[in-house]
Amino acid sequence: MGMLSSLRLQAIFQKRNRRWLFVVFAVALTHLLLQSLLLPYGQALQSLLPDRQMSGEEEENSFLPIPSSKSSVVRNPLTLANVPEMSNVSVSIVVARTSVELNDSIHILKTSLLDADEKSSSISSTSRDGEHIEPLALEGQNENIILEMGGDDTIQLNVSKNASMISDGSPSFTSLIVASPPNISFQDGLLLNEMGTGVSSNSSMNGKSASKKESLVTISPTKKKMRCDLPPKLVTTIEEMERIFARSRASPRSMRPRWSSVRDKELLAARKEIQNAPIALGDQELYAPLYRNISMFKRSYELMERMLRVYVYKEGKKPIFHQPILKGLYASEGWFMKLMEGNKQFVVKDPRRAHLFYMPFSSRMLEHAVYVRNSHDRTNLREYLKQYTDLISGKYPFFNRTGGADHFLVACHDWAPYETRHHMERCIKALCNADPTQGFKIGRDVSLPETYVRSARNPHRDLGGKPPSQRHILAFYAGNLHGYLRPILLQHWKDKDPDMKILGLMPPGVASKMNYIQHMKSSKYCLCPKGYEVNSPRVVEAIFYECVPVIISDNFVPPFFEILDWGSFSIILAEKEIPNLKRILTSIPEEKYREMQLRVRKVQRHFLWNAKPVKYDLFYMTLHSIWYNKVFQVKPR
């Protein structure tokens, strides 16, 4: 019996020993795996050895970590010289021996650094959704990598590579990535080694030559380029815009109303009449070559005058609501607000009689009153308008019936597409910044002319220009160098050709303004390159001074696109054609130019504001395009 008990105890002890051995083995294996992730390659096993002395090469490339409240998981933390200890500073290092590893590390690091909430995505005038990091092309000895972070910063990596290859045939190098605010100062890309010695990528380390397997990185902080300072990633050509417009007419994508309304039936009846409009021959008021279809436009305009009813919301406080701006770059939204709210022909007091609902806010005053200067955060502007739509949709049933599809806004600030996203997404938007790559919907939204009004009392001041025979300047441009395109224009044409008066910013003062106006009045063609956004007041200015506009702005939907034939009185060029400007303009026969200039004078009436609206003027044309697009978007219940 005693013998049996002894054998049983021995078996139990053996089982326990095997379990302990298994636990120890698992811990060791886990430790090795963690070390292989956190340490440079090849050092996982060596790090387990006690009192191991580092080789000279390893000592050269070892650096001390810096504490950071927002650091990303990386292969090996290092330290930069001259970096202040700040709670909002993030310094991260990526050590990679192949281009694939570096690309993966950059992608992971950038993904972790970009803020996930709406605030970070609204830093600049563009959404960063779906932003993509291009793979590194490791062709040469040096590479420049621009890593875009949230906020206004980018970090430029100047990666110096050596010619040596590792086993997979890729160049080997050590790369460094830093995510930090712009107030961090760098000292010629110096790194701090274990001994506190500053080491530059262009020098040896502690008197020893750099390893052929690894090379250093020089870091230089650069101002982040905003979307408006870079060419567009996507380009919608004027031909593609025509195709989108045709599809929108053939198959509208608007939401079906939640319940039927007699107003929808009236709009559907109006659509049928417009589609079957009688042919307009010899019309004395309208000049046929200016329009896509003069017969449809004429019939639609007549029906608008007879049928259209608009309800203007009284909700909203000044200065954002009900306070129009009548001078400057944003005058279009102000003039429309003033004339719409004071109109008695279309405006009704009973919203049940309305076909359309106007939300009278100023995008310029919204920016002025709500935006926190230098915050680079516009979410509060969008939230302000969301609260407004919540108010009117809670007080009235009309917004909820269509999801806002019978509501419209008129806004000329560059930020308006962003401010009205989501909560006003189904509304008809009359926007100066008419860019289909930024949410403008061709066939539903309206391209609003950007008018620079110099005198609210006399918006027609200096109207007109010289006859064609007295216009001796082939092409003219002067103005600020906003955006990426205008510097390219000046690079190719400033002081290069006496026929091409391409100038930069003219000096301030009345004399300079008059000189600018006289140049436009004396030029055959007035160049209208985009600035920060696709729109420019020069398009309307050219028409105002009877100069044929040359629009150079990829993705710009011209004003009243659904009505006017812009090819009949303007030149629309792709941005890439800037080097060929003179050749293109001089190839246009004189007779063709005179025909276009005549049409500019004829179309001018559609781009003028009047203290009391005049038939076919800018107020009526804007309202008509809103009406016209709504008629073709309405769906029966």
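Q: Before I look at the cysteines, what does buried mean here?
A: Buried means under 20% relative accessible area. The model is a predicted one. C526 has a relative accessible area of 1%, so C526 is buried.

Q: Which cysteine is joined to C526?
A: C547, through a disulfide with an S to S distance of 2.2 Å. The torsion about that S-S bond is about 110°, so the disulfide is right-handed. C526 sits in strand 15 and C547 in the loop between helix 15 (538-544) and strand 16, 21 residues apart. C547 is buried too, at 0%.

Q: Why is C528 not bonded to C526?
A: Their sulfurs are 6.8 Å apart, which is too far for a bond.

Q: How many disulfides does the structure hold?
A: Two. The other joins C412 to C432, S to S 1.9 Å. That link is left-handed, with -90° about the S-S bond. C412 lies in the loop between strand 10 (407-411) and helix 12 (416-419), and C432 in the loop between strand 11 (428-431) and strand 12 (446-447), so the pair ties together parts 20 residues apart in sequence.

Q: Back to strand 15. Which strand order does the open sheet have?
A: The order is 14-13-15-16-17, with parallel pairing. Strands 14 (500-502) and 17 (571-573) are the edges. Strands 15 and 16 pair over five bridges, and L527 has V550 as its bridge partner in strand 16.

Q: New topic: which residues touch the most other members of the largest nonpolar core?
A: V310, F408, L623 and W627, out of 87 residues. Helix 18 (residues 618-633) gives the most to this core, with 10 residues.

Conventions: Residues numbered from 1 in each chain as written. Predicted model: local features only at pLDDT ≥ 70, side-chain atom pairs only at ≥ 80, totals over all residues. Heavy atoms only, no water. Core = buried A, V, L, I, M, F, W, Y, C linked by side-chain atoms within 4.5 Å. Buried < 20%, exposed > 50% of the residue type's maximum accessible area, 1.4 Å probe, protein only. Helix = DSSP H or I, 4+ residues; strand = E, 2+ residues; numbered from the N terminus. Pairing = 2+ DSSP bridges. Disulfide = S-S within 2.5 Å.
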